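Reader: I've got this one open on my screen and I'd like a close look at a single part rather than a full tour. Could you pick a spot and walk me through it?

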Amino acid sequence: MFDYHVHSLFSADSKMKMEDACEAAIQAGVKEIAFTEHIDYFYPNCDLTFDFDYTDYSKAIDAIREQFKNRITVLKAVEIGIHPFKHTENTQFANLNFFDFIIGSVHLADDLDLHNGDYFKGKDVNQAVENYFLTINKYVKEFHDFNVLGHFTLIKRYLHFVNAHWTEINWSNYDDIVEDTFKTLIDSSRGIEVNMSGFRYRIDCPLPDLPFVKLYRDLGGEIITVGTDAHSKHFVGKHLQLGYEILEKAGFKYVTTFRERKPSFVPLANII
Ligand SMILES: [Zn+2]
Ligand SMILES: [Zn+2]
């Protein structure tokens, strides 16, 4: 298995040592781990600064590779927070530094945080969900420097701010916007991830789950990764198996791995 979304202490919201993450990953049967640290150049009303020193990070990865060689493959990676005012900075960060793999994620909409609930103020459920999908649709057309779109349907984790639960929503109502988003990604050799953090947030649902993963596949999507989004060692490698089963049910025969931001395809039969 491959855990393609892990945050070490180079991310402002994680205290996990890379060494502990690698030990936990090996215990869970993970063969490749990508340290996808946060870069978010715009994050309002938050005490944390989502930035990291690439040189220090890169040295730390080199050291951990040496320490764990022959036990686990470690990738240099980043999770870029996409924001319309920050495309230039994000492009520079992506291209001036070396990465094996880049996740592009949307954590804010209307410049407001999903996580702290600011985004949901004054919106009903449909307005919140529709606007979230439209925001992502716009951003993936404006910003291209990533390999997979992070945790699509992240909004499911925060619907309690509008007194709703993801199971109450007819997600196919948004298929037109979502199809256009997926086609944009597919046409530009980008993909999506299946993010297992929904289990940490007790919504018991991958992001995205089977219907959207299948829609992506049916549209011709091939590039897809699975990651835990772990911020502590207890979640490294957790629920990956379920993620691969969703890929298989959606019609995928392969999962994607990356080196130097170039995709390779590993048969699911080899890892499930
Ligand atoms: Zn994220
Ligand atoms: Zn993350």
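Author: Let's start with two helices and work inwards to the metals. H5 passes H6 in a right-handed crossing. Keep in mind that this is a predicted model. The axes of H5 and H6 (residues 210-218) are 10 Å apart, and the two helices pack at an angle of about 50°. That angle makes H5 oblique to H6. If you want to see the contact itself, show the side chains: on H5, look for Asp175, Val178, Glu179, Phe182 and Ile186, which meet Phe212, Leu215 and Tyr216 on H6.

Now step back along the chain from H5. The zinc ion (ligand 1) is held by Glu79 through OE and by His107 and His151 through NE2, at 2.1 Å. Glutamate 79 sits in strand E3 (residues 73-81), while histidine 151 is in the loop between strand E7 (148-149) and helix H5 (175-187), so this pair ties together parts that are 72 residues apart in sequence. Both glutamate 79 and histidine 151 are buried. If you'd like to find the donors of the zinc ion (ligand 1) in the sequence, their spacing reads E-x27-H-x43-H.

Glutamate 79 has a second job here: it bridges the zinc ion (ligand 1) and the zinc ion (ligand 2), with 3.5 Å between the two ions. Over at the zinc ion (ligand 2), the protein donors are His5 (NE2), His7 (NE2), Glu79 (OE) and Asp229 (OD), at 2.1 to 2.2 Å. Along the chain, those donors follow H-x1-H-x71-E-x149-D.

What about the geometry at the zinc ion (ligand 2)? Its four donor atoms make angles of 82 to 172°, and the site is irregular. A tetrahedral label would need all angles between 85 and 135 degrees, so a range of 82 to 172° rules that one out.

Two of these donors also bring together parts of the chain that are far from each other in sequence. Histidine 5 lies in strand E1 (residues 2-6) and aspartate 229 in the loop between strand E9 (224-227) and helix H7 (240-250), so the pair ties together parts that are 224 residues apart. Are they buried or exposed? Histidine 5 is buried, at 0% relative accessible area. Aspartate 229 counts as buried too, with 4% relative accessibility.

Conventions:
Residues numbered from 1 in each chain as written. Chains lettered and ligands numbered in written order. Predicted model: local features only at pLDDT ≥ 70, side-chain atom pairs only at ≥ 80, totals over all residues. Heavy atoms only, no water. Donors = N, O, S within 2.8 Å, 3.2 Å for Na, K, Ca; no water. Tetrahedral: all angles 85-135°; square planar, octahedral: opposite > 155°, others 65-115°. Helix = DSSP H or I, 4+ residues; strand = E, 2+ residues; numbered from the N terminus. Buried < 20%, exposed > 50% of the residue type's maximum accessible area, 1.4 Å probe, protein only. Axes fitted to C-alpha atoms, helices over the stretch in contact; angles between N-to-C directions. Parallel < 35°, antiparallel > 145°, perpendicular 65-115°, else oblique. Left-handed = near helix turned anticlockwise from the far one by under 90°. Contact = heavy atoms within 4.5 Å.
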